[in-house]
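User: Can you walk me through this model? I'd like to start with the chain contact, then go through the sheets.

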Amino acid sequence: MPDNIKVGMADWKIARLQECLVTFGLGSCVALALWDPQEKLAAMAHIMLPDSKLVRYRKEVSAAKFADTAIITMLAELNRLGFPKERFQAKVVGGANMFTFAGKAIGGNMNIGQRNVIAVKEELVRYGIPLVGEDTGGTAGRSVDFFPETGVVRVRTAMFGERDI
Amino acid sequence: MNDPSEINAFYKDAFQELGNIGAGNAATALSQMVGRTISTSVPKVMIIPIEKVPEVVDSNENIVAGIYLKVYGDLPAKILVTFEHADLLALTDLLMGQPVGAASLLNEMRISALKELGTILTGSFLNALAKFLDLQLIPTVPALAIDTMLAILNTLLVELSQDARYALLIQTEIFETETRLTGNIFLIPEADALDTMVKAIQKAAGVIDAG
């Protein structure tokens, strides 16, 4: 079994070969998995909100908390370590809407989960990272195992089993 | 909440008392519904950066039923009631007046009973708070999700993090003594509710002192 590296809320981590990146309990949060197939290098962020500009405290917290600051920060650090962004491909998981009140999502027409997914995809387009897989939306929470060796992202749910993307 | 240094020991105690008052009333309501003794634990008051909540609250990949509602009015807040998935059948047996162990499937009727339970527990919790703090509290209809504790908490924390860096959580355990069914009630005030809470507590404490 590979060594698990846990990625907490608003956090991001890098892993190689014998390791496995894991994150638990994605509700409306989104896991962004970046993979370099050539070097078998993986990076994963647990993103909470779409836009750092909408909160008052953004300078005090990790860049990985927001879609708009997470991706640019990850790519810069990966580049610094010798992994340019051209090598990476992305998978996106999460963005569920777990509680609905009388058929309508909390927070108006578009829930936070949806907004997170859209924001992450927009950032990927901005930096030219191809999106090669996703498991997003719905009402179920998800946990993720991301294997650097193969690039496989295993999505686990409480009530609906697991699937690899 | 964006600055936890505002909270001193007096308010921590007061928040704990709010948990006591609310959960005590909820336990009484549940006790009357199921005809069993229901006890409550000493509430835990946590004031921590939102990202750290999953590490502090005993949340894991266990599956729970989460009953969630929002409170509007004088004290905007979230209330979450959770029950372990393993306990749901026994719990609904009690609610429906059947012998424990009678059911093997969580059907629509039992889901509906759980929602009803959520309405009653949170309603009695809020009533006690409203009376004690002399505030107007208006709850939404509860929503139910059956999922991991972590994913359910995650959803609430994300909503909270839109306005706040820190979370204030008041967690009280309620348990049925005979079959060891346990649940948790979380009161999570919104960022801008803190001031109102502190003032209402001061007022209530003043009333108690004078009386």
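**Contact and sheets**

Analyst: Sure. This is a predicted model. The contact draws 32 residues from chain A and 34 residues from chain B.

User: What area is buried between chain A and chain B?

Analyst: About 2600 Å². Carbon and sulfur atoms give 64% of that area.

User: How many salt bridges are there between chain A and chain B?

Analyst: The count is 1 salt bridge.

User: Which residues form a salt bridge there?

Analyst: A:Lys65 and B:Glu51. Their closest N and O atoms lie 2.5 Å apart.

User: And residue pairs in polar contact, how many?

Analyst: Between chain A and chain B there are 7, counting pairs with both residues at pLDDT 80 or more.

User: Which elements of chain A each supply at least two residues of the side that touches chain B?

Analyst: β3, β7 (100-101) and α2 (112-126). β3(A) gives the most, with 3 residues.

User: How does that side split by class?

Analyst: The side of chain A that touches chain B has 19 nonpolar, 8 polar and 5 charged residues.

User: OK, sheets. What is the strand order in the one that holds β3?

Analyst: β1-β3-β10-β11-β12, in chain A. That is an open sheet of 5 strands with mixed pairing. Its edge strands, each pairing on one side only, are β1 (3-6) and β12 (162-164). The twist from one strand to the next averages 20°.

User: Do β3 and β10 run parallel or antiparallel?

Analyst: Antiparallel. In chain A, β3 (residues 19-26) is joined to β10 (residues 142-146) by 4 bridges. One bridge partnership there pairs A:Thr23 with A:Val144 of β10(A).

User: Now the sheet with β4 and β5. What's the order?

Analyst: β2-β5-β4-β6-β9, also in chain A. This sheet is open, has 5 strands and shows mixed pairing. β2 (12-16) and β9 (131-136) are the edge strands. Neighbouring strands are turned by 15° against each other on average, direction ignored.

User: How many bridges link β4 and β5?

Analyst: 7, in the antiparallel sense. β4 covers residues 30-36 and β5 covers residues 41-47 of chain A. The bridge partner of A:Trp35 in β5(A) is A:Ala42.

User: Which helix packs on that sheet?

Analyst: Helix α1 of chain A, residues 67-80. It touches β2, β4 and β5. The direction of α1 makes about 160° with that of β5(A).

Notes:
Residues are numbered from 1 along each chain as its sequence is written. Chains are lettered from A and ligands numbered from 1 in the order in which they are written. This is a predicted model: local features need pLDDT of at least 70, side-chain atom pairs count only at pLDDT 80 or more; totals for chains, interfaces and linings use all residues. Side-chain values use heavy atoms; hydrogens and water are left out. Two strands pair if DSSP finds at least two bridges between them. Axes are lines fitted to C-alpha atoms, for helices over the stretch in contact, and angles run from 0 to 180 degrees between N-to-C directions. Contact means heavy atoms within 4.5 Å. Buried area is the accessible area (1.4 Å probe) that two parts lose on being put together, summed over both. A salt bridge is a side-chain nitrogen of Lys or Arg within 4 Å of a carboxyl oxygen of Asp or Glu. A polar contact is a pair of N or O atoms within 3.5 Å; within protein, one must be able to donate a hydrogen and the other to accept it, and residues adjacent in sequence count only if both atoms are side-chain atoms. Ala, Val, Leu, Ile, Met, Phe, Trp, Tyr, Cys and Pro count as nonpolar, Asp, Glu, Lys and Arg as charged, and the others, Gly among them, as polar.
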